[in-house]
Each structure stands twice: as C-alpha cells, then as structure tokens.
Amino acid sequence: MPPRAHLLLVGDTDQLPSVSAGNVLKDLIRSEGTPVTRLAFIYRQEGQSLIVRTAHAINEGDPTLPPVVPTVAEVPGDEDLAFIEAHDAEDCLRKVVQLCTEFLPRRYPGLNPVSDVQVLAPMHKGVTGVSNLNVQLQQALVPFKHKGRKADFVPRWQDRNRGAAPALKAGGATYEIGDKVIQLRNNYDKNLFNGDIGTITAVQADAGTLDADFDGTSHHFTRGEFGDLALAYAISIHKSQGSEYPVVIIPLLKAHFMMLQRNLIYTAITRGRKKVFLVGDPAAYAMAVRNSESKLRVTHLREKILQATR
C-alpha cells in the first residue's frame, strides 16, 4: 500500500480465530499502536433483541438461557431466539428437520427454507454433523427447492425413463438441480471465494458437469472442480464466519464437547439476522459458554509492532 493510504480493518475479536496461523486483529489491538474504535450500537436487530442480549451474556460468561421448550410446536413466536430441547442426537436431527420443513414454512409463509435458512453445526461427523444433516435436509427439502424461483429457473425436465431429476454423484455427495452448495476454496479465475453459497441450476450427468448460480452469476463446474463444492443445507460454524443469514438453526449436544467453546457459540448465534433456533441439550450450551479457553498462538506480531512504533 502507498504510504499515504488509509487501512481500515473491521472484525470481531470475540469470534473464532482464523483457521490457519495468526492472530492479527487481537495482536493489533493489544499492541495499542493503532487507533481502535469499538462499535457498541447494534444495527442488525432492535435493542431488546434476545439474539443481542444472549450474545452479550455469552461474552460475559453467563450461561443463562431463555425459557427452554420441549417441542417445536411450543416455540414462542414473539422472540427472535429460542432453545428447543432434544433428548439425543436422533431427536435433535428430527427437530432440526421439523423446523425447516414444517414450523418455519407454516409460521412464516414468505420464507424459503432453502435459501433463507442456514443450519450451522459444530462438527462434521455424527448424526447431527454437517455431512449427515446435508443428506437428510437435501431429501426433506425437495418440495421447497424451487419455491420463489423465476419461471425460467424452475427445471422443466422430466426423465421419461426414471421420472426423476437428473443427478450427479461426486465425492460421496449427490447433486441435483435446486441444491444449495458452498464454495470451499478461493477460485480467482471464477471470482468465487471460500464460503460463497450458490444454487445448482443445471446438471449434465452424462458429461459429468454442472452449473451453479452465485449471486446472479452462473458458473460451470467440471468433475475435476467438484472438490471445491459441497452441499450447504448445513455448514460448519467456522465456515459461517463473515456471513449472516435470515434464519439460523444450531444443533448443540454434549457429543460436540471437543468443539464447545464460548467463541464458537457466540459466532453461531450472531450469524442470525432475524431468527435463531438452538436445538439440543441446555447442558451443552452451558459447557460452551463456560469454556473460554483457547489455544495460545505465538505470533510475535505485537512485539514487532511495538518495536516499529517506538
């Protein structure tokens, strides 16, 4: 950057640290060598938002939850955050699917449970892990895949032999028209970046290719590029950093104990713009909020900044 340029960094030190090495934002703030402004006013939600109040409570180490309801049907309609208790992993999975396919479409008719709802899971494996959630939600949300789409997007195919949609299998996943997908790494040739979410618009099963729409731009993917894609009905909380969604659903169980940390649950809850639903064990939530330990990152950046500013 030229010497006269002004560099503005925007971030949240209470969220998860970067996946790879480094602790840049915290080191810059701790060095006291650069001016820091802390934003205190919440623009995303109203001041009395339960999402906001819960986020503040998490950072203060307060594990108090709003009233916990035993069933999806008992979720209060006047709050923007709710906790639905689940007895085990199978019950948690069942209630996540019920939220997406029954409760949300019925309670909010204008909401598309595919494009407007994002499930954020702490882990990839297990009954309530990202992989299994995607398999279950992909099938459960078939009736909603084309809801609200433009007429020219809705597929007009009909396989006369099978009477089913064209599908393409790759990397253990099956991709069909209307599926929600996520880009897993930066691709500068396509102008696609890690975490971008799109929708499959065409599948050429014989050719082993597919097309997907990302923010109004169509991209063509060959089989060699499928490693950069994954289903995105559910994604990891880490992948959600820097994004926001109208509705967020978070499965949370004690089986996720390896990942239960304060910054993880804070990151997940603050991704929701209008509604957040936690589904699982209240004890797992308390475990996460009380666990503020994070691995020490030895970067030496703070010391170098102090030396440079003396």
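**Exercise 1. The make-up of a pocket lining**

Task: In this predicted model, find how many nonpolar, polar and charged residues the lining of the second largest pocket has, and work out which strand gives the most to that lining.

Solution:
- Step 1. Sort the lining by class: eight residues are nonpolar, nine are polar and five are charged.
- Step 2. Check the whole set: the lining is made of 22 residues. Ser115, Lys180, Ile197, Gly198 and Asp215 are the ones that lie nearest the centre of the pocket.
- Step 3. Turn to the strands. At least two lining residues come from each of β3 (117-121), β7, β8 (209-214) and β12 (245-252).
- Step 4. Pick out the top contributor: β7 supplies four residues, the most of any.
- Step 5. Add the volume: the second largest pocket holds about 480 Å³ of space.

**Exercise 2. Two pairs within helices**

Task: Look at the salt bridges of arginine 30 with aspartate 27 and of aspartate 91 with arginine 94. Where does each pair sit, and which partners are buried or exposed?

Solution:
- Step 1. Recall the idea: side chains of opposite charge can pair when their charged atoms come close.
- Step 2. Read the distances. The closest N and O atoms are 3.4 Å apart for arginine 30 and aspartate 27, and 3.1 Å apart for aspartate 91 and arginine 94. Both fit the cut-off of within 4 Å.
- Step 3. Place the first pair: arginine 30 and aspartate 27 are three residues apart in helix α1 (residues 24-31), so about one helical turn separates them.
- Step 4. Place the second pair: aspartate 91 and arginine 94 are three residues apart in helix α3 (residues 89-107), so about one helical turn lies between them.
- Step 5. Compare exposure. Aspartate 27 is buried at 3%, while arginine 30 is partly exposed at 47%. Aspartate 91 is buried at 6%, while arginine 94 is exposed at 51%.

**Exercise 3. A pair between loops**

Task: Explain which parts of the chain are tied together by aspartate 228 and arginine 185.

Solution:
- Step 1. Confirm the contact: these two side chains meet in a salt bridge, at 2.9 Å from N to O.
- Step 2. Locate both ends. Aspartate 228 is in the loop between β9 (217-222) and β10 (229-231), and arginine 185 is in the loop between β6 (180-183) and β7 (197-204), so the pair ties together parts 43 residues apart in sequence.
- Step 3. Check exposure: aspartate 228 is buried at 11%, and arginine 185 is partly exposed at 45%.
- Step 4. Widen the view: shared partners join the salt bridges of Asp91, Arg94 and Lys95 into one network. The whole structure has seven salt bridges.

Terms used:
Residues are numbered from 1 along each chain as its sequence is written. This is a predicted model: local features need pLDDT of at least 70, side-chain atom pairs count only at pLDDT 80 or more; totals for chains, interfaces and linings use all residues. Side-chain values use heavy atoms; hydrogens and water are left out. Buried means under 20% relative accessible area, exposed over 50%, partly exposed in between (1.4 Å probe, protein chains only). On a 1 Å grid over the protein atoms alone, a cavity is a set of points where a 1.4 Å probe fits but cannot get out, and a pocket is an open set with protein on both sides within 12 Å along at least five of seven lines; lining residues have an atom within 4 Å of a point. Grid points are joined across faces, edges and corners, and a volume is the space filled by probe spheres set on the points. Ala, Val, Leu, Ile, Met, Phe, Trp, Tyr, Cys and Pro count as nonpolar, Asp, Glu, Lys and Arg as charged, and the others, Gly among them, as polar.
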